[in-house]
Amino acid sequence: MTTDNVITATKENNLLHGNQSNSQNKPMLSVDKLSIVTDAGIVLVDKLSYELREGKTLAIVGESGSGKSIASLALLGLLPDSLMVTGEVRLVNTIGMSALPIANKKGRNAALRFVRGQHIGMVFQEPMTALNPLHTVGKQIAESLRISGVVKKQWREKSIALLDDVNITSPTDKLNRYPHELSGGQRQRVMIAMALAQQPDILIADEPTTALDVTLQHEILELLNNLKRQHNMAMILISHDLNLVKRYSDEVIVMRQGHTIEQGPTATVFSQPKAEYTRSLIQQDFGQALSLLDDESQSPTILQVSNLQVQFPIEKSMFGGTKRWFVAVKDVDMTLQKGQALGIVGESGSGKTTIALALSQLLSNQAHVNGQIIINGQDIAALSKRELRTFRAQIQMVFQDPFASINPRMTVMQIVEEGLLVQGIDKGARHQAVIDSLATVHLPAEFVQRYPHELSGCQRQRVALARALIMQPSLLILDEPTSALDSTTQVTVVNLLREIQQKLQISYVFISHDLKVVRALCQHMIVLKEGKCIESGVTEALFNDPQHPYAKQLLQASMI
């Protein structure tokens, strides 16, 4: 019997004989005074200490830059050599607790190679980035199985079993798919399957639900919780979503700027927080959406959409024509007045982003768009390419990931002024317009010479917003602009968007899976499922009394 089979048999025996409750007292990982310092002497993590026990979930929470992720990457030696790592980390193995060589010393990688994956597995934050876009799902899972010593003839069978374990439908079919052919939830499940392939004792889940809708978030965390019990693992959950942490963790560490602010059992920390910072995280106030006018008919209509339908080709014929189409959006109607915000919510794959791309005329030529889109009284389908290029200033879009949507080789000045440059505005006017636009999003003028990597996530999102606002649009489409931000930063961005909406009377189409953000910003909302609008209306009315069963499920999940 191989070592892997012995480990598996031992875990199954413990579960069968009810030994889990006894083993939960057994420490799996001990971290003592872990510190991470840059070569410039900046402390990123300061003397972090904790003990992780078998069968338990430890959550690490805090705002962006608090040190949550790098503290966990240090356990696996995945930090750059320019960072100095000190402290002691001990991991349980067959002979007891052994120290891990986390310091930047020769031979560290070789020593940790046997720990990575086999003892400590990791599910990364963004599966689309972590998965290789050039290889199929089957090939990537097989790589993990090869490392764990599974013989080649068993790879396919084991891969299907792993995908089945993480509740992926039609696992045989998914083996031949590439990452871009899967939904966000499916990609995250593939990442979990790859981590489980080597049967780790500890699983680190780094923001595993960041870009997922609320129902999928609970599904993924419930899945991780069940897998943890089945495989008798321990888990470190890194998250900025306090609702999920409260429900799915046993202990919690609150971090801020590298320091441990508070630490203890989850129930105690949430019911009796000692630190003011912890209380501020728990009691985040997003405020209320701007009030509706008494008579909305007095306000000009900015957007009118009728019977919008979007189809994508999924099967070609022998002669190059399209044999089969996938209908992503089905007969959606929407209306938006000046100075108001319309929220679009729904699960992954419901058609939210497809609608945004259709409104912006950014879909590929292969997509078939039917229906009518009228913006400021203009049917945009009737515009020529030259006319659309000029008209596009009235419709601007802010994308989900600002680091991916802005050019890393350009300065803030070059990024923000790009639209004006295309329109032929002279240099002096462009410079002043950039300064004014940065002031609108509360960024100082000296930021013009900075590059994206020199900014925080919130600052990059403000730059993306400034780039859109400099065109003075009447309609701004925001696609998940707060999904990758911590709750503190989300509040800042939502307040900023509300301020801009009131000051400039811009209309928003706001796409998000975070319903508390939608409620705080949008006067109206529509709920999508499988490309169809199943319910729409005034936001507060929908939250207080949803009619459709799916809308009820979605809104109730957001309140957990």
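**Note on a predicted model: two sheets, a hairpin and their helices**

1. Strands E1 and E2 form a hairpin, with five residues between them. Gly-41 sits in the turn and has a positive phi of about 90°. This is a predicted model. E1 covers residues 27-37 and E2 covers residues 43-53; they pair in the antiparallel sense over seven bridges. Within that pairing, Val-31 stands opposite Tyr-50 in E2.

2. How many of the 11 residues of E1 are buried? Eight are, so the strand is largely enclosed by the rest of the structure. Buried here means under 20% relative accessible area.

3. One open sheet has six strands in the order E6-E7-E8-E3-E9-E10, and its pairing is mixed. Strand E6 (120-123) and strand E10 (259-265) are at the edges. Each has a single partner strand, so one side of each lacks a neighbour in the sheet. From one strand to the next, the twist averages 15°.

4. Inside this sheet, E3 (residues 57-61) and E8 (residues 234-238) are paired in the parallel sense, over four bridges. Thr-57 stands opposite Met-235 in E8. Helix H10 (residues 214-230) packs on the sheet and touches E3, E7 and E8. The direction of H10 makes about 160° with that of E8. Helix H9 lies across E6 and strand E7 (202-206), and runs at about 170° to E6.

5. H9 (184-196) also has a part in covering helix H7. Which residues of H7 (residues 155-165) are buried? They are Ser-159, Leu-162 and Leu-163. Seen down the helix axis, the buried residues fall within an arc of 95°, so they line one face of H7. Their cover includes helix H6 (137-147) and helix H8 (171-174) as well as H9. Just after H7, Asn-167 takes a positive phi of about 60°.

6. Another open sheet of six strands has the order E16-E17-E18-E13-E19-E20, with mixed pairing. Its edge strands are E16 (395-398) and E20 (532-538), each pairing on one side only. Neighbouring strands here are turned by 15° against each other on average, direction ignored.

7. At the E20 edge, which strand is joined to E20 by six bridges? Strand E19 (residues 524-529) is, and the two run antiparallel. His-524 stands opposite Val-538 in E20.

8. Helix H20 (residues 487-504) lies across three strands of the sheet in point 6: E13 (341-346), E17 (475-479) and E18 (507-511). H20 runs at about 155° to E18.

Conventions. Residues numbered from 1 in each chain as written. Predicted model: local features only at pLDDT ≥ 70, side-chain atom pairs only at ≥ 80, totals over all residues. Heavy atoms only, no water. Pairing = 2+ DSSP bridges. Axes fitted to C-alpha atoms, helices over the stretch in contact; angles between N-to-C directions. Contact = heavy atoms within 4.5 Å. Buried < 20%, exposed > 50% of the residue type's maximum accessible area, 1.4 Å probe, protein only. Arc of directions from axis to C-beta.
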